[in-house]
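Q: I would like a close look at the charged side chains here and at how they pair up. Please go through it step by step.

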Amino acid sequence: MRLNSSHSITMDDDVENGSMGVGPYADRPRIFPDMRTKPYTPLVFRILMGINVRVLLILLLLGFGAIFYIGASSSPIIVFVFSICIISFLFSIYLAKWVLAKDEGPPEMAQISYAIRDGAEGFFRTQYGTISKMALLLVLAILCIYLFRNTTPQQESSGIRRRASAYITVFSFLLGALCSGIAGYVGMWVSVRANVRVSSAARRSAREALQVAVRAGGFSAIIVVGMAVIGVSILYALFYVWLGVDSPGSMKVTDLPLLLVGYGFGASFVALFAQLGGGIYTKAADVGADLVGKVEQGIPEDDPRNPAVIADLVGDNVGDCAARGADLFESIAAEIISAMILGGTMAQRCKIEDPSGFILFPLVVHSFDLVISSVGILSIRTTRDSGVKGPIEDPMKILQRGYSVTIVLAVLTFGASTRWMLYTEQAPSAWLNFALCGLVGIITAYIFVWITKYYTDYKHEPVRSLALASSTGHGTNIIAGVSLGLESTALPVLVISISIISAFWLGRSSGLVDESGSQIGGLFGTAVATMGMLSTAAYILTMDMFGPIADNAGGIVEMSQQPESVREITDVLDAVGNTTKATTKGFAIGSAALASFLLFSAYMNEVAAFAHTAFKEVDIAIPEVFIGGLLGSMLIFLFSAWACSAVGRTAQEVVDEVRRQFIERPGIMDYKEKPDYGRCVAIVASASLREMIKPGALAIISPVVVGFIFRILGHYGGHPLLGAKVVAAMLMFATVSGILMALFLNTAGGAWDNAKKYIETGALGGKGSECHKAAVTGDMVGDPFKDTAGPSLHVLIKMLSTITLVMAPVFL
């Protein structure tokens, strides 16, 4: 993907010829000729647009009919889930139409937006082409492993042979990867079209700009959550009908969720590379642009004279929007599947007559998530006099009000869902205990959002102290930022610990017992708490998508040299966007911690099923097992190091290119010559695709290699489960280290960014001061922390769990 320099932004013909005199840029015509190379439409959309409308409508009706028929053949609950998802997709289409109906503003804004759109779509095509090739290689590996592995007693008794099991896992993996890719594309598609509309709305009022950004983010969030829910539902219903589940001599419904683990692995695989590639792209461009533009040349952020500015704005879309969409999609998919596995296992051990309620409960919870989050999105409205200029209301307060509405509705719908789905005659009050587990999860989510906001919002003491540290130099800024990040791990860990133990004890005391009279609801209680935490995921993702859209809008306003009053509005939205992005990362790591705990339990259950023996605990006093734990912790640090160094190396290439352009084209600073934006875009795109391979491969290969080596050692040493135990320790230690490292990286990076934003409001000397330069250095150090390594760790710790679930036969 390359944007040729002939398609880069040009101020006008006089500028290119160098005949225009030097003067304030705002005083001259701002004409941006069309820099679009060729409008791109994905092949699927081109095929669909070529079909007659009536034929397309008939095909859609037939498709929906088939889906509903398969759903009805499995469970009425699946029909309910399908209905909610389809209504939500229609609502998201309404949001998209509402956003796209807004004007794009003056021509110079639109042309900058086209440049960003082309860069983002071009990179996305190349990146996902690379990911799809790697996915096909992995499919072949999974196929070979499953064709030569043992089957579980449950699969043998139901007639599922090795070949069928292999095809089921491969199909699940491919569907998960495809849905994750679509979720990422949708996130990027809306952001590159909404950014210019937010910029244009900011010329009228802050409230309108906020509403456009929120609804654009809402469109993406509804699609992402809806795709995760409907994907798992279709897979469940399809396998239910195809395998004749619960009919004589076939598989029991309680064993069905184990066949879905490939879906979670496919989603994790795509999300990891999307997050790595997008994160390297966005932060390398950002660091390169800031280092030369702000620090060396002293020009503002997103100044049109900076050759790396378009690459920076493209990065917001491919790194923050596309990657975060795939990330949260994967979080929800992994949590749904792990909860379904645990629900099925518990229902089987308790001999519950109709276990479908416990298995399908996660799908119902996330269906209600779509409904309540839609209400929360619609609660953010423009005021009647929105066109009147006045004091800017704090956008964070408006977003918090919407979140409060969503939280209240989540509590009500969660309680109703537990009564509907989890009521059983064997323990009539169990549903109430599980409702309280859900409440624990919802409260945990709210506290996580508050903690992250406290440590990253410049209205609070930690970020202001960090900004003050910048006044004494670059070194003290870095020291203060690192210490703030380290400190910020304490409260979240305490909250996670309390929520896990509370949910476990509530679940255990629910009254559900197995044949021996043992209380066994504890793990499922933790699963329900995780569902509670993710029960507002669509609104949380809306707030996250709001951030990069607002950031892009600010860049477009700066590049098109709009009045200062417009830039003030986008600056406020951008600062709030940084906080919402940070809170979403805090939310994501909290849910990842709970989901990983569930997936770990699911892994132990699966190993026990394959090995035909109990596997309930892992003894770290065994030297080999302890080594597995050490390797898991090392994996987190090595992965983070490679992710950050990838940003550093790519940023060096950008810095060299930007410096070269400033030296070879001295007229750039006086607006006499145009920068070659396309060159920087091409450098960052190719480098980020190259750099994402090594850390991604490390994450995928490490657990498989470690498990296989210790399996061989165990075979010759007389320890048949050694490979599985070492991998369990690796998983456990990697999860704990990953949670702490991600909390540190995300919070430190977000705090550095907002300390810079705080100084840019005029505090401590304002823009251009020595204090500001020190804060910019901190911001650049924090960039790969918060947008590359940190978010990639969310995906990594869940992917380690899903890959061990899929590859468990290798360790036995």
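Which residue's side chain meets that of arginine 204 in a salt bridge, and at what N to O distance?

A: The partner is glutamate 208, and the N to O distance is 2.9 Å. A salt bridge here is a side-chain nitrogen of Lys or Arg within 4 Å of a carboxyl oxygen of Asp or Glu. Side chains of opposite charge can pair when their charged atoms come close.

First, some ground rules. This is a predicted model, in which local features need pLDDT of at least 70, side-chain atom pairs count only at pLDDT 80 or more, and totals for chains, interfaces and linings use all residues. Residues are numbered from 1 along each chain as its sequence is written, and side-chain values use heavy atoms, with hydrogens and water left out.

Back to the pair. Glutamate 208 has a relative accessible area of 9%, so it is buried (under 20%; exposed is over 50%, partly exposed is in between, with a 1.4 Å probe and protein chains only). Arginine 204 has 27%, so it is partly exposed.

Now look at aspartate 457. Its salt bridge partner is lysine 459, with the closest N and O atoms 3.8 Å apart. Aspartate 457 is buried because its relative accessible area is 3%. Lysine 459 counts as partly exposed because its value is 42%.

A third pair joins glutamate 558 and arginine 567, whose closest N and O atoms lie 3.7 Å apart. Here both glutamate 558 and arginine 567 are buried.

These pairs belong to a longer list. The salt bridge count comes to 28. Some of the bridges link up into a network. Its lysines are Lys283, Lys756, Lys757 and Lys786. Its aspartates are Asp286, Asp574, Asp753, Asp779, Asp783 and Asp787.

Some of these names return in a cavity. (On a 1 Å grid over the protein atoms alone, a cavity is a set of points where a 1.4 Å probe fits but cannot get out; lining residues have an atom within 4 Å of a point.) Seven cavities of 30 Å³ or more turn up in a search of the whole structure. The second largest cavity holds about 100 Å³ of space, a volume being the space filled by probe spheres set on the points. Its lining has 16 residues. Lys283, Asp286, Glu301, Asp551 and Asp753 lie nearest its centre. Of these, Lys283, Asp286 and Asp753 also sit in the salt bridge network.

What is the lining made of? It has 15 charged residues, one polar and no nonpolar (Asp, Glu, Lys and Arg count as charged; Ala, Val, Leu, Ile, Met, Phe, Trp, Tyr, Cys and Pro as nonpolar; the others, Gly among them, as polar). At least two lining residues each come from helix 9 (261–296), helix 10, helix 19, helix 23 and helix 24 (770–807). (A helix is a DSSP run of H or I, at least four residues, numbered from the N terminus.)

Next comes glutamate 760. It is found in helix 23, which covers residues 722–760. Glutamate 760 is buried because its relative accessible area is 18%. Its side chain makes a polar contact of 2.9 Å with the side chain of histidine 772 (N or O atoms within 3.5 Å; within protein, one must be able to donate a hydrogen and the other to accept it, and sequence neighbours count only through side-chain atoms on both sides). Apart from residues up to four places away in sequence, glutamate 760 touches Lys294, Glu301, Lys767 and His772 (heavy atoms within 4.5 Å). Glu301 also lies among the residues nearest the centre of the second largest cavity.

Follow the chain past helix 23. Leucine 764 is in the loop between helix 23 and helix 24. Its phi is near 55°, a positive value in a residue other than glycine. Leucine 764 is partly exposed, because its relative accessible area is 35%.

A charged residue shows a positive phi too. Lysine 351 has a phi of about 55° although it is not a glycine. Its place is the loop between helix 10 and helix 11 (356–378). Lysine 351 is exposed because its relative accessible area is 53%.

One more glutamate rounds off the tour. Glutamate 108 lies in helix 5, residues 107–147. With a relative accessible area of 7%, glutamate 108 is buried. Glutamate 108 is 24 residues from isoleucine 84 in sequence, and their C-alpha atoms are 41 Å apart in space.

Technical notes
On a 1 Å grid over the protein atoms alone, a cavity is a set of points where a 1.4 Å probe fits but cannot get out, and a pocket is an open set with protein on both sides within 12 Å along at least five of seven lines; lining residues have an atom within 4 Å of a point.
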